[in-house]
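Student: Please take a close look at the surroundings of the ligand, and then set that part in the context of the whole chain. I would like the cut-off behind each term stated as you go.

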Amino acid sequence: MRTGRALTLGPMTPQPNPQVGAAVKAADRKHVFHSWSAQELIDPLAVAGAEGSYFWDYDGNRYLDFTSGLVYTNIGYQHPKVVAAIQEQAAKMTTFAPAFAVESRSEAARLIAERTPGDLDKIFFTNGGADAVEHALRMARLHTGRPKVLSAYRSYHGGTQQAINVTGDPRRWASDSGTAGVVRFWAPYLYRSRFYAQNEEQECARALEHLETTIQFEGPETIAAIILETVPGTAGIMLPPAGYLAGVRELCDRYGIVFVLDEVMAGFGRTGEWFAADLYDVTPDLLTFAKGVNSGYVPLGGVAISGAIADTFGKRPYPGGLTYSGHPLACAAAVATINVMEEEGIVAHAAKLGADVVGPALRELAERHPSVGEVRGVGMFWALDLVRDRETREPLVPYNAAGEANAPMAAFAAAAKANGLWPFVNMNRTHVVPPLNVSEAEIKEGLAALDAALTAADAHTT
Ligand SMILES: Cc1ncc(COP(=O)(O)O)c(C=O)c1O
């Protein structure tokens with residue numbers, strides 16, 4: 001099936017070249033082992049190029065990317081200033097070992113620390129998000145001398161052993177050691193409340209009561225950290241109710257627990273603030289980041305560390321490190337990305353476009369499409385919770401559905417692609433998470449395609 005919009009040739013758009021596409025695909029199928037996949041059951045699209053909010057294949061089909069890759073190309077593809085900064089850094093100093101002070105690393109750390117909330121003024125650089133989580137939890141355990149970590153169901157924290165063990169989604173199950181000192185709890189999610197709540201206030205109060213009871217029954221002196229995504233991303237973009245994160249902060253203070261906010265997805269402008277923590281005026285003890293820090297142009301992640309935790313490792317060595325910690329090329333990309341985001345007002349743009357265009361348009365779609373159960377989000381971070389039945393809120397597909405059971409979501413995704421939109425799909429949800437600097441016209445084009453795709457989802461409602 002041919003999908004996507006016919007290619008509009010721009011300055012960087014090459015001519016279609018199906019022969020090259022076929023060779024790329026053949027080598028991929030023969031030699032590339034893909035993440036999270038049954039290798040013989042996948043059919044990866046061969047991508048010829050990308051620019052801004054679009055990418056295209058070798059057959060002349062172009063897609064508007066409502067996924068930002070894996071929610072990381074916050075400034076879109078191939079931003080010329082960031083590409084130039086990477087080229088300049090490559091010419092000057094491609095790499096250098098982490099024990100040295102290096103200009104792009106120092107500058108990236110300064111720019112990040114100046115934007116993170118409160119006293120999160122020291123930056124430990126990693127290669128991505130999962131290892132940032134690994135190190136944050138190690139720091140918390142060493143700082144407190146306690147073994148356990150509390151994490152939420154409906155969360156994702158990364159694919160490495162500790163990060164996947166604190167994850168609350170089915171990707172954990174195959175790697176769940178069951179002994180990693182992790183206890184899971186329910187965070188607020190009013191639309192599918194575990195607490196029989198009728199409104200945000202009840203959900204907030206009951207979720208906090210549940211968390212405190214969990215802490216008490218686990219034994220506060222055994223708990224090193226509570227880790228939460230400030231706004232859970234892959235799990236469904238559930239904005240916490242007012243007061244929840246402040247309440248968790250207060251519980252952490254009361255019981256001597258380190259509060260870790262995972263901003264790998266929500267950070268660097270996604271919510272229309274530099275960090276989602278800014279939306280709630282809360283400061284964690286550790287904040288993990290990756291993705292948007294340099295739009296993934298070169299792999300980079302890290303942990304922003306509070307003064308108290310940094311002091312723990314003032315005279316005592318921190319027992320952890322990476323060969324590529326603070327890689328100069330990745331850090332140069334971060335410096336350029338943050339500067340571009342400032343110069344072009346990208347964070348404010350995301351906030352405004354979300355409030356003025358995306359939110360109202362999605363709510364309007366919800367009125368017309370019975371498959372839309374709930375619309376929620378902020379900035380360029382939106383979810384549509386798709387349902388078979390609005391009354392019962394039965395999800396359009398069952399939790400962790402695969403194969404035939406997932407057919408309604410597959411039909412939705414195929415319809416979106418046929419209309420030139422590459423949608424983010426997870427379980428019974430689609431997320432609208434385009435680059436933060438997507439234009440209003442592009443958003444409207446994407447929303448029109450989404451409208452058509454939702455008609456395919458409507459066909460599966462009862
Ligand atoms: C909130 C969160 N934490 C951690 C990770 C893991 O990041 P990475 O894939 O860079 O290891 C992700 C990735 O999607 C994420 O969304």
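Tutor: By class, the shell around the ligand holds four nonpolar, four polar and three charged residues, where Ala, Val, Leu, Ile, Met, Phe, Trp, Tyr, Cys and Pro count as nonpolar, Asp, Glu, Lys and Arg as charged, and the others, Gly among them, as polar. This is a predicted model, in which local features need pLDDT of at least 70 and side-chain atom pairs count only at pLDDT 80 or more, while totals for chains, interfaces and linings use all residues. Residues are numbered from 1 along each chain as its sequence is written, and side-chain values use heavy atoms, with hydrogens and water left out.

The residues surrounding the ligand, each with a heavy atom within 4 Å of it, are G128, G129, A130, Y156, H157, G158, E229, D262, V264, M265 and K291. Three of these residues can be described through polar contacts, meaning pairs of N or O atoms within 3.5 Å; within protein, one atom must be able to donate a hydrogen and the other to accept it, and residues adjacent in sequence count only if both atoms are side-chain atoms. A backbone N or O atom of A130 lies 2.8 Å from an oxygen atom of the ligand, and a polar backbone atom of Y156 is 3.5 Å from a ligand nitrogen. From K291 it is a side-chain N or O atom that lies 2.9 Å from an oxygen atom of the ligand. Taken alone the ligand exposes 390 Å², of which the protein buries 80%, with accessible areas from the Shrake-Rupley method and a 1.4 Å probe; for residues, only the protein chains shown count as cover.

The chain that supplies this shell has 14 helices and 17 strands, taken as DSSP runs numbered from the N terminus (H or I of at least four residues for helices, E of at least two for strands). A compact globule of 462 residues would have a radius of gyration near 23 Å, and the 22 Å of the protein agrees with that; the radius is taken over C-alpha atoms, and the globule rule is 2.2 Å times the number of residues to the power 0.38. Buried residues make up 56% of the 462 residues, buried meaning under 20% relative accessible area.

Two buried positions elsewhere in the chain illustrate this. P284, in the loop between helix 9 (276–280) and strand 10 (286–289), counts as buried because its relative accessible area is 1%. Leaving aside neighbours within four places in sequence, P284 is in contact (heavy atoms within 4.5 Å) with P117, L120, R249, F259 and L261. D57, in strand 3 (residues 54–57), is likewise buried, at 4% relative accessibility. A polar side-chain atom of D57 lies 2.9 Å from the backbone nitrogen of D59, and the backbone nitrogen of G60 is 3.1 Å from a polar atom of the D57 side chain. Not counting residues up to four places away in sequence, D57 touches L45, A46, V47, A48 and Y63.

Terms used
Buried < 20%, exposed > 50% of the residue type's maximum accessible area, 1.4 Å probe, protein only.
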